[in-house]
Each structure stands twice: as structure tokens, then as C-alpha cells.
Amino acid sequence: MAEKFQPLSVSKLDNDYDVIVIGSGGTGLSAAIQANELGMKTVVLEKEEELGGNTNRASSGMNAAETNVQLHHGVIDNVADFYHETYQDGGRLNDKDMLGYFVYHTAPAIDWLADHGIKLDDITITGGMSRKRTHRPASMAPIGGFLVKSLLEVVQKEDIPVINKMKVTKLLQDDEGKVIGVEANADGLIKTIHAKAVILATGGFGASKEYIKRFRPDLADYKTTNQPGATGDGLKLGEGVGAELMQMDLVQVHPTVQQDNPHVYLIGEAVRGEGAIMVNAEGNRFVNELNTRKICANAITALPEHSAYLIFDQGIRDHVKAIEFYDKVGLVVHGDTIEDLAKKLNMDPENLKKTVATWNEAVENHDDKQFHRTTGMDRGISKPGFFAIHIAPAIHYTMGGIHINTKTQVLDGNGEVIKGLFAAGEVAGGLHGNNRVGGNSIAETIVFGRQAGQQVTVYARSLK
């Protein structure tokens, strides 16, 4: 289990590896496992004490198309639809080569996880998708913690060294500009570690006031759903060796974030995917809740109070285990009836009752005349009790980052490959366009984490 996984002490670190992976989230762990299984001597370096990075906070699932899991659930999908929907949802700003590689490698990524005993046997849906392709564990547990725990079990079994509280401060290059290792700081102890290749799997910059002010000053005062370590370290390391940054102004604001307390909690898209609606302070719906995150967030920001409420019942709650956690930490308002819930939210009870009745009719007829929602309509809001969570938009994901190609090789400003340097996951830009679809980031960590592990192996073998 993740909480029992013991990182190695710095004293156990060797001076030379085939591959150094920076970052211990889904991308870094996938890359390390894949490289290790291909015979590479690999080490993972993590600056935070806690392993798992932002992956720990992911809640909805992992998108994939044409999987056996979908067929077991009676869902017939095709990769071309996945491509076109993601391209459309990304404002047609996605790197087409990256997107093509991504969609065609999601089903193999689900199989690869299953081969390692990590089974995602249940499916749900997120905004911007036409079919259920968001894979998650059968327990319906939040994907992030489940994935980190499971991947760390594989890392432990394969004896891959992971060192935490070790911050990489510099990439080392030879006279020809090849990346040949790192300089890292562990509690003031500076270590130089050499390697044939380095993988940046450091995540995004959603918690970096410096980068947000530099590229999106309009979001400088927004709260973030990111873990404190998401400060763009990989971008700094990349810039230090001439890597090109791309689409850095494309920052995703997540529509459903509970931020009334000092601790900010992301309310996963699966809540809406399983049937919740959003209402304003008067108790009226105002948007198709499963439109893209960008459209939903903008609709909430346009409300006079800049916030809204998710409304759901016990039936929806039964399908999203994360709600138990939200309730435990005090985010969920309870009502015995819809009227009772409305009173607790200071809404007109008749109004909320009418909104829910109209919605239930839309679900029954599968025809949402108000906002033309077509997904997340498997069940209405009718099974007692009734619940609400107050939400507002917050910085969630950074679509921009280091410019890479489909082989995860890092490119400089001239489009030339920086030899020995690879990047994958949120640290890299280009895949998502101007809006990242829920469930695509976890898929990206596995698809491109694996690809990085494979491509560093190809590169390292070419040096022999």
C-alpha cells in the first residue's frame, strides 16, 4: 500500500543509472516500470515527502476507447470518435500527432495496467464525451489514490528505487548539449547523478504563482486544486537547457471545486457523470452540466455570486464513492426532502422542487429541452436523501508546457530534439488544446509514461 511504501534514503543512491525519472506521479511511475521491465537501471526522484503528485487528487477515471471493459458493459465505442470529440473539445488547438498517438494507445494502456494486476473494470462518463469511456476500479474508488497505491506496489515488487525529499535543481549536459544526468538537493546535500537519459514527469504549474502571473495574470487570485508541489519545476529545468515552452496561456479552470474552507477540494466530474445537476442561488439550472469544463466554468463565473450548487440524491451517491469522503470532511449539505434541502441552502423550496421535477422528466424522456444534455442521464434525482455541495471554479490543470513529439523527446525552439531529455504528462504541452477533458489526464500519464519508458530504452540502447 502507498502509505506503507518506504522510499530509499539518499545514502542508497548510486552515482550512475540508465534512466533518471523526475517525479513520482502516474507518469513517472509508469515510465519507471516500463523502462525497468525493458532492462533499464532506473531511479525515481521526488522532491515532495508524499509520493504520487497530482495523480493522488484525480477522482473520475481514465478515458480509453475500444476496450474490452466497455464491451463487457455493452458500450460500443470507436477511437475515431474519441479523437474527434477530444479535438473539438480542445478548441482544435490540440497537436494532432500527439492526439492521434494518445487515442490509439489508451486501450493498450488499460490492458497494460491489467497485466500488472491494476484492473479498471467499471466505466462512467465525463463532460465532452458522447459515450462511457472513463474507466475506474470496480469499487468506484477515486482513480488517483488507487492508481498511485497500485503502481507503487509494482515498483516495490520490481525493486525500483524511489527517493523522496530530493529536488532536482539542474540538468547536466555534455559538450554536445546531450543531457547526461542531474544535480539534486536532498536537505542541503548536493548530489550529482549521471544517466543515459532523463525523463521529466514533474507535473504542471497550477500551484505556481510565478508561472500563473507570467502567463495568465487574470487568474493570479484564483485558488487551485493542485497539490503544493505543482510549481512548474520541470519547466524551469527544461528552459535551463533550451526546451521550448508552448501554449502556456492555456490554463484550465475546473468548474466544481469546494473552496469555502482553507483546504480546497475538487469535486470529481463523476458526480455529474452519474446524474447530478448544477443550480444557481435561486435553485435554477443554468448550463448543460456535462458540457466542457471551460463552458461550465465560464457559466458559473457569469452568475452574480460566481458560485453554484451540485444537487444529487442517494441513487447518484451510491455510484460515486468519492462522495463518502466529501461528506466525511464536511462538504455535503443533507436534506430529507428536496424542500428541506432548499431551506438549508436558503433557496425557495418550490423553485428547487420544480427544477428537480423538470430534470427528472427530462431523464425519463431522455430529452433535456432546457440545455440539451444527452449524457449522465442514467438516473433522476428521486431517491432519498438529497444532497448539495457548494462549488466554484478554481485553477485545475495546465494544458501548456514543454514542447515534445510523439516519442516524448523534448524539442528546442528550432524544433530540434534535445538528446537525452524526455518529458511526459502534465509537464508537456500540446495534447489537450485549450480544454482538457475529464479522464484524459490519467490516460495521458499511463500512455505517455509508458511511451517515455520505451523511448528512453531505444535511446539508451543506441548509445551502446
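**Stop 1: strand S14 and its neighbours**

Select strand S13, residues 277-279, together with S14: 3 bridges join the two, and they run antiparallel. You are looking at a predicted model. Now pick Met278. Its bridge partner in S14 is Leu310.

Select the whole of S14, residues 308-313. Is this strand mostly covered or mostly open? Mostly covered: 6 of its 6 residues are buried. Check one side of S14, where Ala308, Leu310 and Phe312 are buried. Then turn to the other side, where Tyr309, Ile311 and Asp313 are buried too. Both faces of S14 are covered.

Add S16 to the selection. S14 and S16 run antiparallel, with 6 bridges between them. Ala308 of S14 stands opposite Ile391 in S16.

**Stop 2: a cis peptide bond**

Stay by S16 and step back along the chain. Gly385 is in the loop between helix H14 (349-365) and strand S16 (386-398). Select Pro384 along with Gly385. What kind of peptide bond joins them? A cis one, with omega at about -5°. That deserves a look, because most peptide bonds are trans.

**Stop 3: strand S9 and its partners**

Next, select strand S9, residues 189-200. Which strands pair with S9? Take them in turn.

- Select S1, residues 16-22. S1 and S9 run parallel, joined by 6 bridges. Find Ile22, whose bridge partner in S9 is Leu200.
- Select S8, residues 179-186. S8 and S9 pair in the antiparallel sense, again over 6 bridges. Glu183 stands opposite Thr192 in S9.
- Select S19, residues 417-423. S19 and S9 run parallel, with 3 bridges between them. Here Val198 has Leu421 in S19 as its bridge partner.

Before leaving, zoom in on the hairpin of S8 and S9. It has 2 residues between the strands. Click Asp187 there: its phi is positive, near 55°.

**Stop 4: helix H15 and two helices that meet it**

Select helix H15, residues 440-462, and helix H1, residues 26-37. Their axes come within 7 Å and cross at roughly 40°. That angle makes H1 oblique to H15. H1 passes H15 in a right-handed crossing.

Now show the side chains. On the H1 side, Gly26, Thr27, Ser30, Ala31, Gln34 and Ala35 make the contact. On the H15 side, they meet Thr445, Ile446, Gly449, Arg450, Ala452, Gly453, Gln454, Val456 and Thr457. How many residues of this contact are polar? There are 9 polar residues, with 5 nonpolar and 1 charged.

Keep H15 and swap H1 for helix H4, residues 96-104. H4 and H15 pack at an angle of about 95°, with their axes 10 Å apart. So H4 is roughly perpendicular to H15. From H4, select Met98, Tyr101 and Phe102. From H15, select Asn440, Ala443, Glu444, Val447, Phe448 and Gln451, which those three meet. The residues of this contact divide into 6 nonpolar, 2 polar and 1 charged.

**Stop 5: a three-stranded sheet**

Select S3, S5 and S4. They form an open sheet of 3 strands in the order S3-S5-S4, with antiparallel pairing. Which strands are at the edges? S3 and S4 (122-124) are, since each pairs on one side only. Look closer at S3 and S5: 2 bridges link them, in the antiparallel sense. Asn63 stands opposite Thr134 in S5.

**Stop 6: two loops with a positive phi**

Most residues other than glycine have a negative phi. Two loops that start at strands of this sheet hold exceptions.

Select Glu66, in the loop between strand S3 (62-63) and helix H2 (68-72). Glu66 is not a glycine, yet its phi is positive, about 60°. Glu66 is partly exposed, with a relative accessible area of 49%.

Then select Met140, in the loop between strand S5 (134-136) and helix H6 (143-157). Met140 is not a glycine either, and its phi is positive at about 65°. Buried or exposed? Met140 is buried: its relative accessible area is 18%, and the cut-off for buried is under 20%.

Definitions and conventions: Residues numbered from 1 in each chain as written. Predicted model: local features only at pLDDT ≥ 70, side-chain atom pairs only at ≥ 80, totals over all residues. Heavy atoms only, no water. Pairing = 2+ DSSP bridges. Helix = DSSP H or I, 4+ residues; strand = E, 2+ residues; numbered from the N terminus. Axes fitted to C-alpha atoms, helices over the stretch in contact; angles between N-to-C directions. Parallel < 35°, antiparallel > 145°, perpendicular 65-115°, else oblique. Left-handed = near helix turned anticlockwise from the far one by under 90°. Contact = heavy atoms within 4.5 Å. Nonpolar A, V, L, I, M, F, W, Y, C, P; charged D, E, K, R; others polar. Buried < 20%, exposed > 50% of the residue type's maximum accessible area, 1.4 Å probe, protein only.
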